[in-house]
Amino acid sequence: TGIKKYLVDNTVKLGSKKFRKEKMTLKDKIINNMSDNITISPYNLTFLWHSCKKCFYNHHVYKNRRPMTMPLVGKMASLSEESFVEKNSNEIDESIQSGKIISTQKSLKSVVETDELLFRQYTISGKTDLLVEFDDGSFGIFDCKNTSGDSDNSWMYYTQLAAYKYCFEKMGLGIVSQLGLIYQIIDGFYQDDKGNNHFSTKQKFVEVDPNICLLYTSPSQRD
């Protein structure tokens, strides 16, 4: 069979003694790397699930990680998040109900509960960009995005935000009444009087419907 080609049977000679390494087939290696408990990051529900479902599966089941580093975007997002803390939510957009942005990078974690029969336990674990506490006692979860164009990709980011909402409510922290995206759209570059260079952005808020049903398709796929 094809598996036999991957049989490991290395013999090492040391003087008159022989040390035989443990035989292991490729199938054994794969099984050993599989986990009964899988932790899913909401971030990967956007950037792995929507771009490559096979990559998403291999990432979580076989631990075959695909490099996904975006240091520049991460730094811009952190600066944007920090600028909102303690501000009133109306300062982001007038359409948002009144409340205060109380934290960034709120850690959330919850086991996925379902009526379906699963042979693995799934856990969602991640950190929100912005957590808002509204005047009525409910909460909002907003994600900060940096982009070069004025486009709405809420269809793609829904799963990420919905996962945060699921964890938040399962942890008994409160009811999430609003999900949204805060886009910083790069629209200029200038130098100030002191010679410092700056990028300028146009801010745009897009509300994401918590009850959206078209979870996994892009607008072009729905036509």
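# Reading side-chain features in a predicted model

Mentor: Ser80 counts as buried, with a relative accessibility of 9%. The model is predicted, and this serine is a place to start.

Trainee: Where does Ser80 lie, and which residues does Ser80 touch beyond four places in sequence?

Mentor: Ser80 belongs to helix H4. Residues up to four places away in sequence being left out, Ser80 touches Cys144 and Gln184.

Trainee: How should I read a helix by its buried residues?

Mentor: An α-helix has 3.6 residues a turn, so residues three or four places apart point the same way. For a case here, take helix H3, which covers residues 53–61.

Trainee: Which residues of H3 are buried?

Mentor: They are Phe56, Asn58, His59, His60 and Val61. Look also at Lys63, just after H3, where phi is positive, at about 60°.

Trainee: What is the general idea behind a salt bridge, and how many are there here?

Mentor: Side chains of opposite charge can pair when their charged atoms come close. In this model the count is four salt bridges. One of them joins Lys100 and Glu86, with 4.0 Å between the closest N and O atoms. Lys100 lies in strand S4 (residues 99–111) and Glu86 in the loop between helix H4 (71–84) and S4, so this pair ties together parts 14 residues apart in sequence. Lys100 is partly exposed, at a relative accessible area of 41%.

Trainee: Which residue pairs with Lys170, and what is the distance between the closest N and O atoms?

Mentor: The partner of Lys170 is Glu113, and the closest N and O atoms are 3.1 Å apart. Lys170 is in helix H5 (residues 154–170), while Glu113 is in the loop between S4 and strand S5 (121–134), so the pair ties together parts that are 57 residues apart in sequence. Lys170 has a relative accessible area of 41% and is partly exposed, whereas Glu113 is exposed, at 56%.

Trainee: Are the partners Asp143 and Lys145 buried or exposed?

Mentor: Asp143 is buried, with a relative accessible area of 3%, and Lys145 counts as buried at 10%. Their salt bridge has its closest N and O atoms 2.5 Å apart.

Trainee: How do I read a polar contact, and what does Ser177 show?

Mentor: Look for a pair of N or O atoms within 3.5 Å, one able to donate a hydrogen and the other to accept it. Ser177 sits in strand S7 (residues 176–191) and counts as partly exposed, at 33% relative accessibility. The side chains of Ser177 and Ser138 are joined by a polar contact of 2.8 Å. The side chain of Ser177 also makes a polar contact with that of Gln97, at 3.5 Å.

Trainee: With which residues is Ser177 in contact, its neighbours within four places in sequence left aside?

Mentor: Ser177 is in contact with Gln97, Phe134, Ser138 and Phe139. A separation between C-alpha atoms is another thing to read: for Ser177 and Gly137 it is 9.6 Å, with their positions 40 residues apart along the chain.

Trainee: Which residues make the nonpolar surface patch of about 330 Å²?

Mentor: Such a patch takes nonpolar side chains with over 30% relative accessible area, joined within 5 Å. Here the patch is made by Ile186, Phe189 and Phe199. Phe199 is part of strand S8 (residues 197–208). With a relative accessibility of 61%, Phe199 counts as exposed because the cut-off for that class is over 50%.

Terms used:
Residues numbered from 1 in each chain as written. Predicted model: local features only at pLDDT ≥ 70, side-chain atom pairs only at ≥ 80, totals over all residues. Heavy atoms only, no water. Salt bridge = Lys/Arg side-chain N within 4 Å of Asp/Glu carboxyl O. Helix = DSSP H or I, 4+ residues; strand = E, 2+ residues; numbered from the N terminus. Buried < 20%, exposed > 50% of the residue type's maximum accessible area, 1.4 Å probe, protein only. Patch = residues over 30% accessible without salt bridge, like charges linked within 9 Å, V, L, I, M, F, W, Y side chains within 5 Å. Areas by Shrake-Rupley, 256 points an atom, 1.4 Å probe, with all protein chains shown as cover. Contact = heavy atoms within 4.5 Å.
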